[in-house]
Amino acid sequence: MNHVTPKLRPAPGADDARQALETLRDWARGAEPSEVARLDPAIARLLPERVVSDYPDLNRNYPHDFVPDAAYKAGMPDLQNGPASLIQGEKQLIQHVGISNFRLPIRYHTRDNGDLTLETSVTGTVSLEAEKKGINMSRIMRSFYAHAEKTFSFEVIEAALDDYKTDLDSLDARIEMSFSFPMKMQSLRSGLEGYQYYQIALELVEQDGVRRKFVHLDYVYSSTCPCSLELAEHARQVRGQLATPHSQRSVARISVEVKCEKSCLWFEDLIDMARDAVPTETQVMVKREDEQAFAELNAANPIFVEDAARLFTEQLKRDERIGDFRVVASHQESLHSHDAVSILTEGETFRSQSLDPKLFSTLIHAG
């Protein structure tokens, strides 16, 4: 019996595809819109200069009564959980992926005034393995909202982190919560009171199965230049010339690791340490006697930016509740058109050869 081997058509190459595309475009340019739609509505995409009137004929009224059932939801596309073949770029582990600055009111324990509800900006991230396309970011919010009615402490943050780590099947995870914390402060001499606001962030990080807790505080103070103070006094004494030393609004960003086995480190505790180190905190309510007192307080505590970093460090090292820490100080000069800055770290956690190019610009606190 004779077998006739059919002639196999060679697979089309790029040139064949190019010619076919040109043929299709030539035909579509002269065809009626209905003909294009009948053959394949997608052909209209090849002709950007034309609008095919009946492609597609979709309902433009919002379906208020439509309720998706389980089968419908199961059939909806989910690209973020798609196969690894959908990954664009290098298939590599992403250390942090998630959401930043979703806001909600959170209730916190305080040392002095019971519980306090504050608007809070939350950042939540997880690690993403190299073979996974992406994450469903709304799960982070849903997990967090499940705990949002509780009074927050690091224990509650840990519970929220546990939930969205499980939901997203991730190894590492991170939560940061930032807010403006009010403390009522008394003026220096007049007895008036007003609220001072402190930018604080709580951070919980889990990496390689190890969890660490951090608190970040921005402390705003006045710094009088010791050199300028001495020169002003020299002008007064030697030449009888009135002169004033320069001082400026200054900011220290203090970041500390909280040692879990120790007693609670309250927000107010960290603020008190900063004030004990550098007492020239900017004032809220001021009468003439307070302004004079503030000038005297600055004269009694002149500091360079190097002094500030070391004074804060001296206080932090005394507290056994604090592990590794970093002090970033910025004296926003009134003499120069640039700022004076310093960074001091204790331990390996915050040590880095490279700095965020915008680090110091984030320390500017507008009045």
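A residue is called buried when its relative accessible area is under 20%, exposed when that area is over 50%, and partly exposed in between. In the predicted model described here, Arg211 has a relative accessible area of 22% and is therefore partly exposed. The side chain of Arg211 meets that of Asp162 in a salt bridge, with a nitrogen-to-oxygen distance of 2.2 Å. This pair links distant parts of the chain, since Arg211 belongs to strand β6 whereas Asp162 lies in helix α5 (residues 154–167), 49 residues apart. Asp162 has a relative accessible area of 36%, so this residue is likewise partly exposed.

The strands are considered next. In general, the strands of a sheet pair through backbone hydrogen bonds, in either a parallel or an antiparallel manner. The model contains an open sheet of nine strands with mixed pairing, arranged in the order β3-β1-β2-β4-β5-β6-β7-β8-β9. Strands β3 (151–152) and β9 (340–346) stand at the edges; each has a single partner strand, and therefore one side of each is left without a neighbour in the sheet. The pairing of β3 is with strand β1 (residues 94–109), in the parallel sense and over two bridges. In this pairing, Tyr108 stands opposite Phe152 of β3. Helix α7 (residues 267–277) packs on the sheet, where it touches β1, β4, β5 (193–207), β6 (210–224), β7 (247–258) and β8 (322–331). The direction of helix α7 makes about 65 degrees with that of β4.

Strand β1 also runs antiparallel to β2, to which it is joined by 12 bridges. Ile94 has Leu128 of β2 as its bridge partner. The hairpin formed by β1 and β2 has five residues between the strands, and in this hairpin Gly114 takes a positive phi near 65 degrees. Strand β2 (residues 115–128) is mostly covered, with 10 of its 14 residues buried. Strand β2 pairs in addition with β4, in the antiparallel sense and over six bridges; here Ser121 stands opposite Ser178 of β4.

Strand β4 spans residues 173–186 and includes Met185. When neighbours within four places in sequence are left aside, Met185 is in contact with Leu192, Glu193, Gly194, Gln196, Tyr198, Arg275 and Glu281. Met185 and Val284 are separated by 99 residues in sequence, while their C-alpha atoms are 7.4 Å apart in space.

At an edge of the sheet, strand β9 holds Ser342. The relative accessible area of Ser342 is 13%, so this residue is buried. The side chain of Ser342 reaches the backbone oxygen of Val305 at 3.2 Å. Apart from neighbours within four places in sequence, the residues in contact with Ser342 are Val305, Ala309, Val327, Val328 and Ala329.

Charged side chains form a further group of interactions. Side chains of opposite charge can pair when their charged atoms come close. In the model, the count of salt bridges comes to 25. One of them joins the side chains of Arg111 and Asp112, with 2.9 Å from nitrogen to oxygen. Arg111, at 31% relative accessibility, counts as partly exposed, and Asp112, at 44%, also counts as partly exposed. Both residues take part in a network of salt bridges that links Arg111, Asp112, Asp269, Asp272, Arg275, Glu281, Asp319 and Arg321. Two members of this network, Arg275 and Glu281, also appear among the contacts of Met185. A further salt bridge connects Arg351 with Glu348, the closest nitrogen and oxygen atoms being 2.8 Å apart. Arg351 counts as partly exposed at 44% relative accessibility, whereas Glu348 is exposed, with a relative accessible area of 58%.

The cysteines were examined for disulfides, which require two cysteine sulfur atoms within 2.5 Å. The count of disulfides comes to zero. For Cys225, the nearest cysteine sulfur is that of Cys227, at 5.2 Å, and Cys225 is in no disulfide. Cys227 is in no disulfide either, the nearest cysteine sulfur being that of Cys225, 5.2 Å away. Cys225 is buried, with a relative accessible area of 12%, whereas Cys227 counts as partly exposed at 42% relative accessibility.

Note on methods: Residues numbered from 1 in each chain as written. Predicted model: local features only at pLDDT ≥ 70, side-chain atom pairs only at ≥ 80, totals over all residues. Heavy atoms only, no water. Helix = DSSP H or I, 4+ residues; strand = E, 2+ residues; numbered from the N terminus. Contact = heavy atoms within 4.5 Å. Pairing = 2+ DSSP bridges. Axes fitted to C-alpha atoms, helices over the stretch in contact; angles between N-to-C directions. Buried < 20%, exposed > 50% of the residue type's maximum accessible area, 1.4 Å probe, protein only. Polar contact = N/O pair within 3.5 Å; in protein donor to acceptor, adjacent residues only side chain to side chain. Salt bridge = Lys/Arg side-chain N within 4 Å of Asp/Glu carboxyl O.
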